[in-house]
Amino acid sequence: MRRNRNHNMNEKKYLGIDIGGTKTNIGIVDDNGTVLAKRKIGSKLEYGVPAFADVVCDNVNELLSYCDLALDDITSIGIGIPGTVDTAAGVVEYSSNLFGTDVPLAMYFEKRLKRRINMIQDSRAAAWGERKFGAGRNYENFACVTLGTGIGCGVIMNGNIVRGPMNTAGEIGHTPIIWGGRNCSCGKKGCLETYASGTAILKQAMELFPEKLIGRERTETVFTLMAEGDEQAKKLIASCVDKLAYGLAVFIDIMSIDTIIISGGLCVYKEIIIDPLPELIMSYGYDSWANKKRIKVIQAELGSDAPMIGAAHISL
């Protein structure tokens, strides 16, 4: 648990909960997007969704107590979800990596906390956090692409979050880029996240050179091997970045967005992933925009806290 003691007790405070595929990040945030205190727990659903919600709520109360706060001191509560969310109904419509289909998640939290819960897709929460407090502060239109366990994308246009009538706007991770390609957790084949997410990089490495990963089966190891000059690791990562660029070019063709913010755990590899992307994207793009070389790909500023900070400041 971490606490920032340099804060004004009279400022408004917000609670953000980012439920990820493996970890849940809970934080108290102020008006400026500063994280006052936070803690991380495992996203363990083996005992069911209600039991998981209870565990999260227990940790919320412990965090508030640690900060000498009560729920009444919190202006609003937001939760970021890895999947498609019906925000108005508080329902997780589909979450291939965690919850499944049509889960009334907000209800479980509202029943326990006795407060309204603002629920949103985690990648949109990250985009909103970057829009208000991070790399997107000076941009009215951009896409925030989250590279981690999977690939998510939150779209900001005219300063607002784009959801779409089916709540699926920006679902780039589950957009097929290769016909009949690799199996995806969503049940389809060839989705972008099966080639360019952190999970995908590790899975492909385990297929190509498992002997180099014995005892250290992590995505980070593949990047370490690349830094050490391993040719197989270099070739794999270059291929993954190339496929990411292809998927982003298709996305830009459709959305006409010229600024991409890269967030998530893999955004720390700026020289390897982010820096090559503009040229690669433009090599696959429609000539009308590719020849103008207007595409900007920038690193997120809020790091792994972006979805939690954005969720805390969601106002529905």
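Which residues is Ser95 in contact with, leaving aside its neighbours within four places in sequence? In this predicted model, the contacts of Ser95 are Pro82, Gly83 and Gly100. Ser95 belongs to strand S7, which covers residues 91-95. Its relative accessibility is 1%. Ser95 therefore counts as buried. A polar atom of the Ser95 side chain also lies 3.3 Å from the backbone nitrogen of Phe99.

Leu71 sits outside the regular elements. Its place is the loop between helix H1 (49-66) and strand S5 (74-81). Leu71 is nevertheless buried, because its relative accessible area is 18% and the cut-off for burial is under 20%. Residues up to four places away in sequence aside, Leu71 touches Asn61, Leu64, Ile77, Leu113 and Arg115. Pro276 is 205 residues from Leu71 along the chain. The C-alpha atoms of Leu71 and Pro276 are separated by 45 Å.

Strands S10, S11 and S12 are linked in sequence by hairpins. S10 (residues 142-147) and S11 run antiparallel and are joined by six bridges. Three residues lie between S10 and S11 in their hairpin. Within this pairing, Cys144 stands opposite Gly154 of S11. S11 itself spans residues 151-157. Six of the seven residues of S11 are buried, so the strand is mostly covered, burial being under 20% relative accessible area. S11 also runs antiparallel to S12 (residues 160-161), with two bridges between them. Here Met157 stands opposite Asn160 of S12. The hairpin of S11 and S12 has two residues between the strands. In that hairpin, Asn158 takes a positive phi near 55°.

Helix H6 runs from residue 219 to 227. Its buried residues are Thr219, Thr221, Val222, Phe223 and Leu225. These buried residues pack against three helices: H5 (198-208), H7 (231-255) and H8 (270-274). Just after H6, Gly229 has a positive phi of about 95°.

One of the buried H6 residues, Val222, recurs in the largest nonpolar core. That core holds 44 residues. Val222, Ile262, Leu277 and Ile281 touch the most other members of the core. Helix H7 gives the most to this core, with 11 residues. Another core, of 34 residues, lies apart from it. Ile17, Val60, Leu98 and Val103 are among the members of this other core.

Ile262 illustrates the packing. Beyond its neighbours within four places in sequence, Ile262 is in contact with Val145, Leu147, Cys267, Ile274, Leu277, Val297, Ile298, Gln299 and Ala300. Val145 and Leu147 fall in strand S10 (residues 142-147), and both are contacts of Ile262. Ile274 falls in helix H8 (270-274). Leu277, another contact of Ile262, is also among the core members that touch the most others.

Several of these elements meet again at the largest pocket. Rolling a probe the size of a water molecule over the atoms shows where empty space is left. The largest pocket contains about 1,200 Å³ of space. Its lining comprises 47 residues. Nearest the centre of the pocket are Gly21, Thr146, Gly148, Thr149 and Gly150. Strands S3 (23-30), S7, S10 and S11 each supply at least two residues of the lining. Helices H3 (122-133), H5 and H6 also each supply at least two.

Methods: Residues numbered from 1 in each chain as written. Predicted model: local features only at pLDDT ≥ 70, side-chain atom pairs only at ≥ 80, totals over all residues. Heavy atoms only, no water. Buried < 20%, exposed > 50% of the residue type's maximum accessible area, 1.4 Å probe, protein only. Helix = DSSP H or I, 4+ residues; strand = E, 2+ residues; numbered from the N terminus. Contact = heavy atoms within 4.5 Å. Pairing = 2+ DSSP bridges. Core = buried A, V, L, I, M, F, W, Y, C linked by side-chain atoms within 4.5 Å. Polar contact = N/O pair within 3.5 Å; in protein donor to acceptor, adjacent residues only side chain to side chain. 1 Å grid on protein atoms, 1.4 Å probe; cavity = no way out; pocket = protein on both sides within 12 Å on 5 of 7 lines; lining within 4 Å. Points joined across faces, edges and corners; volume = space filled by probe spheres on them.
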